Amino acid sequence: MAHDEKNRLRVAVKGMGSISWIMAHCMENPTIQLYGCFALYNCLFRNEMAHYQATRKRKGADSNYGDGNDDDNSNGDAANEEPMEMIVLIQKILHRYDGQSDEYDEDLVSAANKLLKALEPNGWRSMMVH
């Protein structure tokens, strides 16, 4: 399925919002964060439209979204909520799981940094990060 450009684009654009929503609402779970970073990176890999969707500023996006406070009176429907800007989400993950906290996760920090590189301008083109 990944070899067909139409499918790759559709899955990436439709899936990124759900993936980032889940990541934002499960910030305390490093396994969800790790596999979310892997999934988002795969969505962005050589996919310019997915990169655009991930990096554009969304009207009404809330920078406090996903801070661990679930008192936002939402109904939990990922399709009806504006996703957090992906860069802000990844920065929150790095802040929580970097070497400065008790919750350090080397694999997650590496995956999150790789994803941040992919989110840079033209990062979708060649994301070979060593």
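Hi everyone, let's start with burial: of the 130 residues in this protein, 35% are buried. Please keep in mind that we are looking at a predicted model.

On the surface side, the protein exposes about 8,200 Å², and carbon and sulfur atoms supply 49% of that area.

Now the fold. There are 5 helices and 0 strands, so to speak an α-α-α-α-α run from the N terminus on. As for contacts between residues at least 6 apart in sequence, 68% of them join residues at least 24 apart.

I'd like to spend the rest of my time on one helix, α2, which covers residues 30-44. How far apart are its end C-alpha atoms? They are 21 Å apart, and this agrees with the expected span, because 15 residues at 1.5 Å a residue should also give 21 Å.

Let's walk along α2 from its beginning. The N-terminal end is capped by N29: a side-chain oxygen of N29 sits 2.9 Å from the backbone nitrogen of T31.

Next, which residues of α2 are buried? They are Q33, L34, G36, C37, L40, Y41, C43 and L44. Here a reminder about helices helps: an α-helix has 3.6 residues a turn, so residues three or four places apart point the same way. Have a look at the buried positions in α2 with that in mind, for instance L40 and L44.

And what covers these buried residues? The cover includes α1 (5-25), α3 (48-55), α4 (86-97) and α5 (106-118).

Finally, past the other end, α2 is followed by R46, which has a positive phi, near 50°. Thanks for listening, everyone!

Methods. Residues are numbered from 1 along each chain as its sequence is written. This is a predicted model: local features need pLDDT of at least 70, side-chain atom pairs count only at pLDDT 80 or more; totals for chains, interfaces and linings use all residues. Side-chain values use heavy atoms; hydrogens and water are left out. Helices (H or I, at least four residues) and strands (E, at least two) are DSSP runs, numbered from the N terminus. Buried means under 20% relative accessible area, exposed over 50%, partly exposed in between (1.4 Å probe, protein chains only). Contact means heavy atoms within 4.5 Å. Accessible areas come from the Shrake-Rupley method with a 1.4 Å probe; for residues, only the protein chains shown count as cover. The expected span of a helix is 1.5 Å times one less than its number of residues. A polar contact is a pair of N or O atoms within 3.5 Å; within protein, one must be able to donate a hydrogen and the other to accept it, and residues adjacent in sequence count only if both atoms are side-chain atoms.
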